[in-house]
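Trainee: I am new to this structure. Please take me through one part of it closely, the sheet, and then set that part in its surroundings.

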Amino acid sequence: WGGGLTPAQELLRGLAVHEHPFLVLGNAELPAELVKIAFHATWHHFHSIINTILDSPQTDSSIRLACLNVLRYSIGCSIFLDLEIEREAFIAQLARLKYIMNKEKTNESQFMDPVQTSKKYAMEGRYKHDSWYVKLDAASKSSETTMDAIEQVYHLAKKIRATIHADSRTTKSLNKILCKIRNGQVLLSGDDTMRAFICEGDLVKRCRTGKDVTYRFFLFTDRLVYAHQSTKGDYKVHAELPLDVVKLVVNFPHVVPRKAVTSTALMFQIVHPKKSFWVIAPDFDSKKKWIDDISTAIKKFTGREA
């Protein structure tokens, strides 16, 4: 839970000092009106806990899934019990969670903090123009379409759940790669917590001296890293090249060293203010894949062509 743990502990500690009376009903059916009174009296506790989770910049996937479950049932109860204020409050939180997951999925979190921008997004009610809200709002206001509205909430939650699961798999894939790199966890520090792994492979780097050296290249959503394998078996980083200033040169110069004549067609250049060099792929398919993957990553990260 990271930074969100302390406020959550304070919230729960504050709730603990209050005594809440419980009514033991046994097998008796609970009247809908009594459920409405109980939910109306306690809903703000759920709302506060969900806000604490949404306000946390580094939230574990399992916690987000738990948050989604609480939201799903809270919205469903609000719709069924015809509690408009509670319904709108929880739907705004669902919109925030949906917004955060979408921004992280599209990698826009590299440029802005989706946790903070989601607050403004919800407060301004921008989600109310989205088709999913318009449809849900219309169904929620009529007793004849109550169950349809609850079903819509279920399908919305299902889509968000799939996004959270995908994010969890991405994190596991990234951690697996970072274990190969010496001090790899450094790549998760600071604002880079949303970084995702794309691909890895060996490329031959042509040095300025004309010497060819094989390096292991790791492509992430925001940077290209190349390293050499140590005697211990792990990879020691040689350089990190942020993609925001990386360019590719696929056309070859008119004059190519004789030594590279047989491999010229497999070459492409990586241009960066820090380091620029030619690399040689093992085959044509590998060359095409590297160029496509790097170009796509640059376009997604910066919005420009490589």
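Mentor: Start with a definition. Two strands count as a pair if DSSP finds at least two bridges between them. Strands of a sheet pair through backbone hydrogen bonds, either parallel or antiparallel. Keep in mind that this is a predicted model.

Now the sheet itself. Seven strands form an open sheet, and their pairing is antiparallel. Read across, the order is 4-3-2-1-7-6-5. The edges belong to strand 4 (235–242) and strand 5 (247–249). Each of these has a single partner strand, so one side of each has no neighbour in the sheet. The sheet is not flat in its strand directions: neighbouring strands are turned by 35° against each other on average, direction ignored.

Look at one pair. Strand 1 covers residues 197–206, and strand 2 covers residues 212–220. They run antiparallel to each other and are joined over nine bridges. Take Glu200 as an example: its bridge partner in strand 2 is Phe218.

Next, see what lies over the strands. Helix 8 (residues 284–302) lies across strand 1, strand 2, strand 3 (223–229), strand 5 and strand 6 (267–271). Its direction is at about 125° to strand 1.

Step back to the chain. It holds eight helices along with the seven strands. Of its 306 residues, 42% count as buried. Take the contacts between residues at least 6 apart in sequence: 56% of them join residues at least 24 apart. The chain exposes about 17700 Å², and carbon and sulfur atoms supply 57% of that area.

Two other helices show burial at the level of residues. Helix 6 spans residues 131–140. Its buried residues are Trp132, Tyr133, Leu136, Asp137, Ala139 and Ser140. Seen down the helix axis, the buried residues fall within an arc of 165°, so they line one face of helix 6. The face turned away from that buried side carries Ser131, Lys135 and Ala138, which are exposed.

Helix 7 runs over residues 146–178 and includes Thr163. Is Thr163 buried or exposed? The cut-off for buried is under 20% relative accessible area. Thr163 has 17% relative accessibility, so this residue counts as buried. Its side chain also has a polar atom 3.2 Å from the backbone oxygen of Lys159.

Methods
Residues numbered from 1 in each chain as written. Predicted model: local features only at pLDDT ≥ 70, side-chain atom pairs only at ≥ 80, totals over all residues. Heavy atoms only, no water. Helix = DSSP H or I, 4+ residues; strand = E, 2+ residues; numbered from the N terminus. Buried < 20%, exposed > 50% of the residue type's maximum accessible area, 1.4 Å probe, protein only. Polar contact = N/O pair within 3.5 Å; in protein donor to acceptor, adjacent residues only side chain to side chain. Contact = heavy atoms within 4.5 Å. Areas by Shrake-Rupley, 256 points an atom, 1.4 Å probe, with all protein chains shown as cover. Axes fitted to C-alpha atoms, helices over the stretch in contact; angles between N-to-C directions. Arc of directions from axis to C-beta.
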